[in-house]
Amino acid sequence: MVVTVLLLLSCLLLAQAQNCSRPVGGPNMDLRDKDIVSSTFPDGSKASFKCNVGYRPEGGSATITCTAGRWSPVLLRCQIASCGPLEDVVNGIIDYPNDAVFGEKAVITCKPGFILVGSSEITCGDQGWMDRIPVCEVVQCDPPADIIDGKFSPSKESYAYREVVQYTCKSDYTINGSKSLSCSEDGTFKPAAPTCTRVQCKDPEIENGGYKEGARPPYKHSSSVTLQCNSGYVMKGTPFLTCDINSQWSPALPECELVECKEPKIENGKWKVGSGPPHKYSSTVMLECESGYSIIGESTQRCDKNGRWSPGLPQCKHSGGGGGGDDAGGGGRGGGDTISGGAIAAIVIALVGASAAGLGYLYFRKKKRSRRENTDNEATKEGEDVALS
Ligand SMILES: *[C@@H]1O[C@H](CO)[C@@H](O)[C@H](O)[C@H]1NC(C)=O
Ligand SMILES: *[C@@H]1O[C@H](CO)[C@@H](O)[C@H](O)[C@H]1NC(C)=O
């Protein structure tokens, strides 16, 4: 009961009041100046909207009316202001990262060989583009840097884009850096100007070695020499050197080291006296064989200039009974066997011959006894047979 009464009462009060509260507009608009301060609007009053800065009214009435506590609908529509495309920039490119509308910007760049004069970015404002359009001027370079002990050509007041100058150094000087520079996009010559350096390398002196062939002093830039080591020395490094821009031999000077021979190892032998390792060029060692072995070759060896033992390492051979001796002994005995074998054979033959002769004699005597007439022929025949067998 109480609630219903209260509701009815409030309805009556509202109908009676008929005032409107502050109206709410559409996007990107606001109440006009005089209305903006009011918070209540009496029945029948009007309120006007206007578009925010950077926005333009796009049809629809800007005014609304308060009728019995209610506003008529807001019909105004506000569209973001467009600046439209910029005028073309001769030899330039205009880019709009976003639309050409309020608050956005246009970016202007020049084609290669042209340089921008003015601002490279223009913002779209409420009243259109906020800056003057820049211009792209053809690139011109001022003369490049002068250098000590050298010059460049051609020499001019100004140079066109991509025009090239050549640097040269006085005689005996070497150019360090690029000898040609060109007028670049930003109006300067690139790369950096070179320098002129007087290059002179010292004599390539090395211990235990020296010059073999190549350039003679004075050694200028790029002269090259070949070095060699004295006999009995080996080179550590490169023999072929070139004089570089820093007046240094490149690669670094080599070194000459004394030739070394390997450990003189022989089977069943050892070194007795002489220089211990390292065995340098011309050092000598004396080798000997272990007991029971005898040396074949020279016992004294000298390390030669090629790092080899000279006259050549000896060998140790078994002496006497076993081992290496077998061959020779075997061969000797083999010969003896042959001889004794032959002797035995001779004896056998002799014995056989003798017994045969004996038998033959007995037989002959028997025959002689029985048939004296033809004994001679028979005996001869028998003797021949025996000799042949
Ligand atoms: C309506 O507005 C008028 C003038 O602004 C004021 O005098 C009146 O009291 C208001 N009525 C109500 C119910 O607020
Ligand atoms: C050559 O030029 C380079 C770079 O400019 C510099 O660092 C160097 O010292 C120069 N060398 C000589 C020998 O002048």
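Reader: Which residues surround ligand 2?
Author: This is a predicted model, in which local features need pLDDT of at least 70 and side-chain atom pairs count only at pLDDT 80 or more, while totals for chains, interfaces and linings use all residues. Residues are numbered from 1 along each chain as its sequence is written, chains are lettered from A and ligands numbered from 1 in the order in which they are written. A residue is near a molecule or strand if its C-beta atom, placed from the backbone, lies within 6 Å of it. Ligand 2 is surrounded by N176, G177, T195, T197, I245 and N246.

Reader: How many residues of the shell around ligand 2 are polar?
Author: Ala, Val, Leu, Ile, Met, Phe, Trp, Tyr, Cys and Pro count as nonpolar, Asp, Glu, Lys and Arg as charged, and the others, Gly among them, as polar. The shell has one nonpolar residue and no charged ones. The polar residues number five.

Reader: How many strands does the protein chain have?
Author: Helices (H or I, at least four residues) and strands (E, at least two) are DSSP runs, numbered from the N terminus. The protein chain has four helices. Its strands come to 36.

Reader: In what order do the strands of the sheet with strand 24 stand?
Author: Two strands pair if DSSP finds at least two bridges between them. Strand 23 (residues 209–214) pairs with strand 24 over five bridges, strand 24 with strand 26 (residues 240–243) over three, and strand 26 with strand 27 over two. The pairing is antiparallel and the sheet is open, with four strands in the order 23-24-26-27.

Reader: Which strands are the edge strands of the sheet 23-24-26-27?
Author: An edge strand here pairs on one side only. Within the sheet, E213 stands opposite T226 in strand 24, V225 opposite L241 in strand 26, and C243 has W249 of strand 27 as its bridge partner. The edges are strand 23 and strand 27.

Reader: Which residues of strand 24 are on its covered face?
Author: Strand 24 spans residues 224–229. The uncovered face holds S224, T226 and Q228. The covered face holds V225, L227 and C229.

Reader: Which element gives the largest share of the largest nonpolar core?
Author: A nonpolar core is a set of buried Ala, Val, Leu, Ile, Met, Phe, Trp, Tyr and Cys residues joined through C-beta atoms within 7 Å. The largest has 11 residues, including V199, Y219, V225, L227, C229, L241 and W249. Strand 24 and strand 26 are the elements that give two or more residues to this core. The largest share, three residues, comes from strand 24.

Reader: How many residues does the second, separate core have?
Author: In soluble globular proteins, nonpolar side chains tend to be buried together. The second core includes V139, C141, Y167 and F189. Its residues number nine.

Reader: Why does S72 count as partly exposed?
Author: S72 lies in the loop between strand 7 (70–71) and strand 8 (78–80). A residue is buried if 20 or more other C-beta atoms, placed from the backbone, lie within 10 Å of its own, exposed if 12 or fewer, and partly exposed in between. S72 is partly exposed because the number of other C-beta atoms within 10 Å is 15.

Reader: Which residues does S72 touch, not counting residues up to four places away in sequence?
Author: Two residues are in contact if their C-beta atoms, placed from the backbone, lie within 7 Å. By that rule S72 touches I64, T65 and T67.
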